Amino acid sequence: MTLTPTSHIAGIMAIKPIVTLPDEKTLRQISKPLKSVDVAARKLFDDMLETMYAAPGIGLAAIQLGVPLRQLVVDVARDGEPPKPLFMANPQIIWSSAQLGDYEEGCLSIPEFFEMVERPIEVNVRYLDRNSEAQEIHANGIVATVLQHEIDHLDGVLFIDHISKLKRDRVLKKFRKADKLGKL
Ligand code: NI
């Protein structure tokens, strides 16, 4: 996910290409759960984090690198703040608030498009951390929004699915057209 552009410290690990629209064949896949967070999963986490920082973005799901596994990374630390990465495997929303709020969202797979999305303002998420240990967090504010956005990716859902059909169709058409013209 992206919000307003911010710069992050670029890392030294592998920066991978990010899958973007119009590649819905990839982005609409349902990602598979991990048995555990092993060495390969940790390597993927690292590549995801570096790619996200370089983009820059504040959240990234594995499918955005073309890997259909239920892994995501998030870091909402601002410029000048120390990095505060969250690594999650098999994340599940186990509670969400009845109260909804609007946030302007963007997505590294849908470059340069931002739109207001309404979602629950608080969530509890259960997941496996980098060491394959079960964790649970309570999130509010921007973290709650990013987590819901990224968990959606694991089920092939994009943030444009939460906006009007008219706006969504317009965005999809724009990316299909740009692709045909070889501009992506
Ligand atoms: Ni996204």
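This section describes the nickel site, the helix that carries part of it, and selected charged and backbone features of the structure.

The model is predicted. Its mean pLDDT is 93, and 93% of the residues reach 70 or more. Residues 5-12 have a pLDDT below 50, and in the model this stretch has 15 contacts beyond near neighbours in sequence.

The nickel ion has as protein donors the SG atom of Cys107 and the NE2 atoms of His149 and His153, at distances of 2.1 to 2.2 Å. The spacing of these donor residues in sequence is C-x41-H-x3-H. Cys107 belongs to strand E4 (residues 100-107) and His149 to helix H3, so that distant parts of the chain, 42 residues apart, are linked by this pair. Cys107 and His149 are both buried. For His149 the relative accessibility is 2%, and the residue therefore counts as buried. Leaving aside neighbours within four places in sequence, the contacts of His149 are with Met1, Glu105, Gly106, Cys107, Arg119 and Phe159.

Helix H3 spans residues 141-154, and 12 of its 14 residues are buried; the helix is therefore largely enclosed by the rest of the structure. Among the buried residues of H3 are His149 and His153, together with Glu150 and Asp152. Ile142, Val146, Leu147, Ile151 and Leu154 are also included in the buried set. Just after H3, Gly156 adopts a positive phi of about 75 degrees.

Two of the residues in contact with His149, Glu105 and Arg119, also pair with each other. Arg119 and Glu105 form a salt bridge in which the closest N and O atoms are 2.7 Å apart. This pair links distant parts of the chain, with Arg119 in strand E5 and Glu105 in strand E4, 14 residues apart. Arg119 counts as buried because its relative accessibility is 6%. Glu105 is likewise buried, its relative accessible area being 0%.

The count of salt bridges in the model comes to 12. One of them joins Arg28 and Asp161, with a distance of 2.6 Å between the closest N and O atoms. Here too distant parts of the chain are linked: Arg28 lies in the loop between H1 and H2, whereas Asp161 lies in the loop between H3 and helix H4 (165-180), 133 residues apart. Arg28 is partly exposed, with a relative accessible area of 26%, and Asp161 is partly exposed at 28%. Both residues take part in a network of salt bridges that also includes Glu24 and Arg176.

A further salt bridge, at 2.8 Å from N to O, is formed by the side chains of Asp47 and Lys43. Both residues lie in helix H2 and are 4 residues apart, about one turn of the helix. Asp47 counts as buried at 5% relative accessibility, whereas Lys43 counts as partly exposed at 45%.

Asp75 presents a contrasting case. This residue is located in the loop between strand E2 (71-74) and strand E3 (86-96). Asp75 is buried but has no salt bridge, and the nearest side chain of opposite charge, that of Lys84, is 6.6 Å away. Polar contacts are nevertheless present: the side chain of Asp75 contacts the side chain of Tyr53 at 2.5 Å and reaches the backbone nitrogen of Ala77 at 2.9 Å.

Several backbone features were also identified. Leu21 and Pro22 are joined by a cis peptide bond with an omega of about 10 degrees, and Pro22 is found in the segment before helix H1 (24-27). A cis peptide bond also joins Ala55 and Pro56, where omega is about -10 degrees. Pro56 occupies the loop between helix H2 (39-54) and strand E1 (59-61).

Positive phi angles occur at residues other than glycine. Asn90, in strand E3, has a positive phi of about 50 degrees although it is not a glycine. At 18% relative accessibility, Asn90 falls under the 20% cut-off and therefore counts as buried. Glu112, in strand E5 (residues 110-120), has a positive phi of about 60 degrees and is not a glycine either. In contrast to Asn90, which is buried, Glu112 counts as exposed at 72% relative accessibility.

Notes
Residues are numbered from 1 along each chain as its sequence is written. This is a predicted model: local features need pLDDT of at least 70, side-chain atom pairs count only at pLDDT 80 or more; totals for chains, interfaces and linings use all residues. Side-chain values use heavy atoms; hydrogens and water are left out. Buried means under 20% relative accessible area, exposed over 50%, partly exposed in between (1.4 Å probe, protein chains only). Helices (H or I, at least four residues) and strands (E, at least two) are DSSP runs, numbered from the N terminus. pLDDT is the predictor's confidence in each residue, from 0 to 100. Contact means heavy atoms within 4.5 Å. Donors are N, O and S atoms within 2.8 Å of the metal (3.2 Å for Na, K and Ca); water is not among the atoms, so sites may look incomplete. Lys and Arg count as positive and Asp and Glu as negative; His and the chain ends are not counted. A salt bridge is a side-chain nitrogen of Lys or Arg within 4 Å of a carboxyl oxygen of Asp or Glu. A polar contact is a pair of N or O atoms within 3.5 Å; within protein, one must be able to donate a hydrogen and the other to accept it, and residues adjacent in sequence count only if both atoms are side-chain atoms.
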